[in-house]
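Student: I would like to go through this structure with you, starting with the strands and helices. May I put some questions to you?

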Amino acid sequence: MNLRAPIISHDDCDDLSALCKAGGDPLRLNVLRTLANDSFGVLELAQIFAIGQSGMSHHLKVLAQAQLVATRREGNAIFYRRALPRTERLGGKLHAALLEEVDNLALPVDVQVRIAAVHGQRAAASQDFFSRVAEKFRAQQDLIAGLVQYRDSVLALLDKLSFNSAATALEVGPGDGSFLPDLARRFHQVTALDNSPAMLELARQLCERESLNNVSLILADALHDAQIQADCVVLNMVLHHFAAPAEALKQLATLLQPGASLLITELCSHNQAWAREACGDLWLGFEQDDLARWATAAGLVPGESLYVGLRNGFQIQVRHFQRPAGDTHHR
């Protein structure tokens with residue numbers, strides 16, 4: 001008698017089953033909710049949900065196998081984010097519906113508290129870096145991308161927007177102030193906002209040397225303390241220092257007048273982990289689609305983008321987002 005082993009073939013139902021299984025656990029649903037506007041490492045998620053690393057790794061593996069989360073390596077760390085649903089694929093509509101339902105859920109209060117704690121740890125690490133290396137700031141920045149490498153691209157985008165003679169500008173995180181002369185020549189009034197006294201002092205010295213009489217320097221946290229709106233808000237290599245970039249964009253959108261523009265210069269995603277230690281970066285660049293998605297969620301309309309390739313292998317993205325002219329309820 002010749003007994004042949006049964007042929008086991010992959011069935012489409014297996015994929016749907018994996019998706020249903022992944023979504024059939026309260027903790028995993030809360031992980032998806034937590035990843036709505038942020039990405040976290042496994043240790044951070046283990047801290048947020050107060051479980052062991054091995055347990056969290058198991059849940060993330062189940063979510064990854066169902067293609068509900070995507071991974072991105074940043075040096076030696078792996079960060080998890082939500083995968084975007086592909087509605088044209090098998091299970092894509094179910095994936096989209098699951099995320100829609102998940103986003104209507106409120107996270108448990110203790111989870112929200114621990115998320116805030118993780119964001120606080122990230123922010124503290126970034127601020128500590130700047131307090132230690134203020135004097136070496138420009139040299140450290142130039143390891144990756146100095147202003148000289150993207151200034152012309154930012155100015156090209158700025159000049160194409162054709163602001164009127166009374167327009168105002170706000171630069172968040174001006175560093176040593178190198179871009180302020182360019183803004184001062186193009187805007188009636190410029191405000192520079194930074195939460196680092198050491199960096200703001202460097203900017204003050206530059207403004208004094210350049211006699212920039214239409215520039216005001218304010219020590220404040222742009223996400224919590226700012227009480228100003230402008231026709232143009234500029235962030236040059238700043239977003240990767242924020243603990244929660246997606247939430248930061250929502251707060252930055254409130255600094256825009258109706259019809260105003262937000263210009264963001266950032267690195268595209270990269271895997272050079274040394275940038276964390278050398279430059280105090282919390283994030284190793286950003287996916288272009290993520291920035292557009294976060295801006296749209298903040299009520300902004302994506303505009304033109306420029307991309308600058310660098311000889312050191314990095315790529316810079318210069319992005320324009322606009323607050324709709326008829327939006328009068330943003331603040």
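Student: What do S4, H9 and S5 make together?
Tutor: S4, H9 and S5 make a β-α-β unit that is right-handed. Please keep in mind that the model is predicted.

Student: How many bridges are there between S4 and S5?
Tutor: There are five bridges, and the two strands S4 and S5 pair in the parallel sense. One pair to look at is Glu 171, whose bridge partner in S5 is Ala 192.

Student: Is S5, residues 189-194, largely enclosed or open?
Tutor: Five of the six residues of S5 are buried, so this strand is largely enclosed by the rest of the structure.

Student: Which strand is joined to S5 by five bridges, besides S4?
Tutor: That is strand S6, residues 215-219, which runs parallel to S5. Within S6, Leu 219 is the bridge partner of Asp 194. Helix H10, residues 197-210, belongs with these strands: S5, H10 and S6 make a right-handed β-α-β unit.

Student: Back to S4. Which strand pairs with S4 over three bridges?
Tutor: Strand S7 does, again in the parallel sense; S4 covers residues 168-172. Glu 171 appears here too, with Val 234 as its bridge partner in S7.

Student: Why is S7 described as largely enclosed?
Tutor: Strand S7 spans residues 230-236, and six of its seven residues are buried, so the rest of the structure largely encloses it.

Student: What joins S7 to S8?
Tutor: Six bridges join S7 to S8, residues 256-267, and the two run parallel. For example, Ala 230 has Leu 256 as its bridge partner in S8. The chain passes from S7 through helix H11, residues 245-253, to S8, in a right-handed β-α-β crossover.

Student: Let us change topic. How far apart are the end C-alpha atoms of H8?
Tutor: They are 19 Å apart. Helix H8, residues 147-160, has 14 residues and should span 20 Å at 1.5 Å a residue, so the two values agree.

Student: Which residues of H8 are buried?
Tutor: The buried residues include Leu 147, Tyr 150, Val 154 and Leu 158. Just after the helix, Ser 162 takes a positive phi of about 50 degrees.

Student: And salt bridges: how many are found in the whole structure?
Tutor: The search finds ten. One of them is between Asp 159 and Arg 186, with the closest N and O atoms 2.8 Å apart. That pair links distant parts of the chain, since Asp 159 is in H8 and Arg 186 is in H9, 27 residues apart.

Student: Are those two residues buried or exposed?
Tutor: Neither label fits. Asp 159 has 43% relative accessibility and counts as partly exposed, and Arg 186 is also partly exposed, at 29%.

Student: Which residue forms a salt bridge with Arg 185?
Tutor: Asp 182 does, with the closest N and O atoms 2.9 Å apart. The two are three residues apart in H9, so about one helical turn separates them. Arg 185 is exposed at 59% relative accessibility, whereas Asp 182 is buried at 6%. Both are also linked with Arg 151 in a network of salt bridges.

Student: What about Asp 290: which residue is its salt-bridge partner?
Tutor: Arg 293 is the partner, and the closest N and O atoms are 2.6 Å apart. Both residues lie in helix H13, residues 288-297, about one turn of the helix apart. Asp 290 is buried, at 8%, while Arg 293 is partly exposed, at 30%.

Methods: Residues are numbered from 1 along each chain as its sequence is written. This is a predicted model: local features need pLDDT of at least 70, side-chain atom pairs count only at pLDDT 80 or more; totals for chains, interfaces and linings use all residues. Side-chain values use heavy atoms; hydrogens and water are left out. Buried means under 20% relative accessible area, exposed over 50%, partly exposed in between (1.4 Å probe, protein chains only). Helices (H or I, at least four residues) and strands (E, at least two) are DSSP runs, numbered from the N terminus. Two strands pair if DSSP finds at least two bridges between them. A crossover is right-handed if, with the strands pointing away from the viewer, the path from the first strand over the helix to the second runs clockwise. The expected span of a helix is 1.5 Å times one less than its number of residues. A salt bridge is a side-chain nitrogen of Lys or Arg within 4 Å of a carboxyl oxygen of Asp or Glu.
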